[in-house]
Amino acid sequence: MRALIFDLDGTLVDTVYAYIFAWQRTLAEAGMPLEGWRIHRKIGMSGGLFTRAVARELGRDISSREEAALLDRHGELFLQLLPETRPLPGAVKLISFLKSTEILFGVATSGRRPEINASLDVLGIGKETIVVERRDVARAKPEPDLFLACQQRLGVNAGDCYVIGDAVWDILAARRAGMLSIGLLSGGYGEDELSKAGAFRVYRDPAELHRSLDELGVLP
């Protein structure tokens, strides 16, 4: 049986740009201003990898103590900037359909609790759904650990999984996990970028993915 593994931010919920603005404010407060477009290209990485990438952009080291402080402050600002999480078009209907038809699916995100709790709630994803978050694995995207952990908990082979994500980091991690990937444009990356990274198909948003499930061979 095929299984679907979803990224969360930018794939099912409209949170990417809140993450960008929160990081921009966090870095500015710390005396490390960085342009928003540079931050956007790194969204989807783990927080730790993100701060190391930022350090390279700035040409300076970021200590582990600074990194921890940045991550904590980013979490605070993110919740302030996005008090109400909105699902992307078709996301709630898609999740409901997968549940009703008993199609296997899970969520694997570089986000952490409690920041992701509101997103899961608005999607109607509860304890019955497998959710793998950053703290559950040693390494996050572009490493394959998140998707492999979700696949193992779903009880299927890696080759029977599709990863659905909105960033090139999702696509790269899926390739390294030995899984086909589906790209969505709802996180701000272009179709060419996602295709060149290795996406098998690219759709506009969860609504278009829902209408195209027959192309993936997952319908009962």
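**Exercise 1. The nonpolar core**

Task: Determine how many residues the largest nonpolar core has, which of them have the most contacts inside it, and which elements supply it.

Solution: In this predicted model, the largest nonpolar core comprises 26 residues, and L4, F6 and L209 are those with the most contacts inside it. The next step is to assign the core to secondary structure: at least two of its residues come from each of β1 (3-6), α5 (91-100), β2 (104-108), α6 (117-123), β4 and β5. Among the contributors, α5 gives the most, with four residues. As a general background, nonpolar side chains in soluble globular proteins tend to be buried together.

**Exercise 2. Strand β5 and its neighbours**

Task: Establish with which strand β4 (residues 161-165) pairs, and in which sense, parallel or antiparallel; then do likewise for β6 (residues 201-203), and describe how the chain crosses between the strands.

Solution: Begin with β4, which pairs with β5 in the parallel sense over four bridges; within this pairing, Y162 has L180 of β5 as its bridge partner. The connection is made by helix α8 (residues 168-177), and β4, α8 and β5 together form a right-handed β-α-β unit.

Turn next to β6, which runs parallel to β5 and is joined to it by three bridges, with I182 standing opposite R201 of β6. Here the chain passes from β5 through helix α9 (residues 191-197) to β6, and this β-α-β crossover is right-handed.

The last step concerns burial: because four of the five residues of β5 (residues 180-184) are buried, this strand is largely enclosed by the rest of the structure.

**Exercise 3. A salt-bridge network around E57**

Task: Identify which residues share a salt-bridge network with E57, and state for the individual pairs how far apart the N and O atoms are.

Solution: The structure holds 17 salt bridges in total. One of them joins the side chains of E57 and R38, at 3.2 Å from N to O; the pair links distant parts of the chain, since E57 lies in helix α3 (residues 47-58) and R38 in helix α2 (residues 36-40), 19 residues apart.

A second salt bridge connects E57 with K42, where the closest N and O atoms are 2.6 Å apart. This pair, too, links distant parts of the chain, with K42 in the loop between α2 and α3, 15 residues from E57.

The accessibilities can then be classified one by one. E57 counts as partly exposed because its relative accessibility is 33%, and R38 is likewise partly exposed at 26%. K42, by contrast, counts as buried, because its relative accessibility of 9% is under the 20% cut-off.

Consider now another pair, D145 and R139, whose closest N and O atoms are 3.2 Å apart in a salt bridge. D145 is buried at a relative accessible area of 16%, whereas R139 is partly exposed at 43%. Returning to E57, salt bridges that share partners join E35, R38, K42 and E57 into one network.

**Exercise 4. A nonpolar patch at the surface**

Task: Find which residues make a nonpolar surface patch of about 280 Å², and classify F21 as buried, partly exposed or exposed.

Solution: The patch is made by Y17, F21 and L81. Of these residues, F21 is placed in helix α1 (residues 16-29). Its relative accessible area is 46%, and F21 therefore counts as partly exposed, since this class lies between the 20% and 50% cut-offs.

Methods:
Residues are numbered from 1 along each chain as its sequence is written. This is a predicted model: local features need pLDDT of at least 70, side-chain atom pairs count only at pLDDT 80 or more; totals for chains, interfaces and linings use all residues. Side-chain values use heavy atoms; hydrogens and water are left out. Patches are made of residues with over 30% relative accessible area and no salt bridge: like charges are joined within 9 Å, nonpolar side chains (Val, Leu, Ile, Met, Phe, Trp, Tyr) within 5 Å. Accessible areas come from the Shrake-Rupley method with a 1.4 Å probe; for residues, only the protein chains shown count as cover. A salt bridge is a side-chain nitrogen of Lys or Arg within 4 Å of a carboxyl oxygen of Asp or Glu. Buried means under 20% relative accessible area, exposed over 50%, partly exposed in between (1.4 Å probe, protein chains only). Two strands pair if DSSP finds at least two bridges between them. A crossover is right-handed if, with the strands pointing away from the viewer, the path from the first strand over the helix to the second runs clockwise. A nonpolar core is a set of buried Ala, Val, Leu, Ile, Met, Phe, Trp, Tyr and Cys residues joined through side-chain atoms within 4.5 Å.
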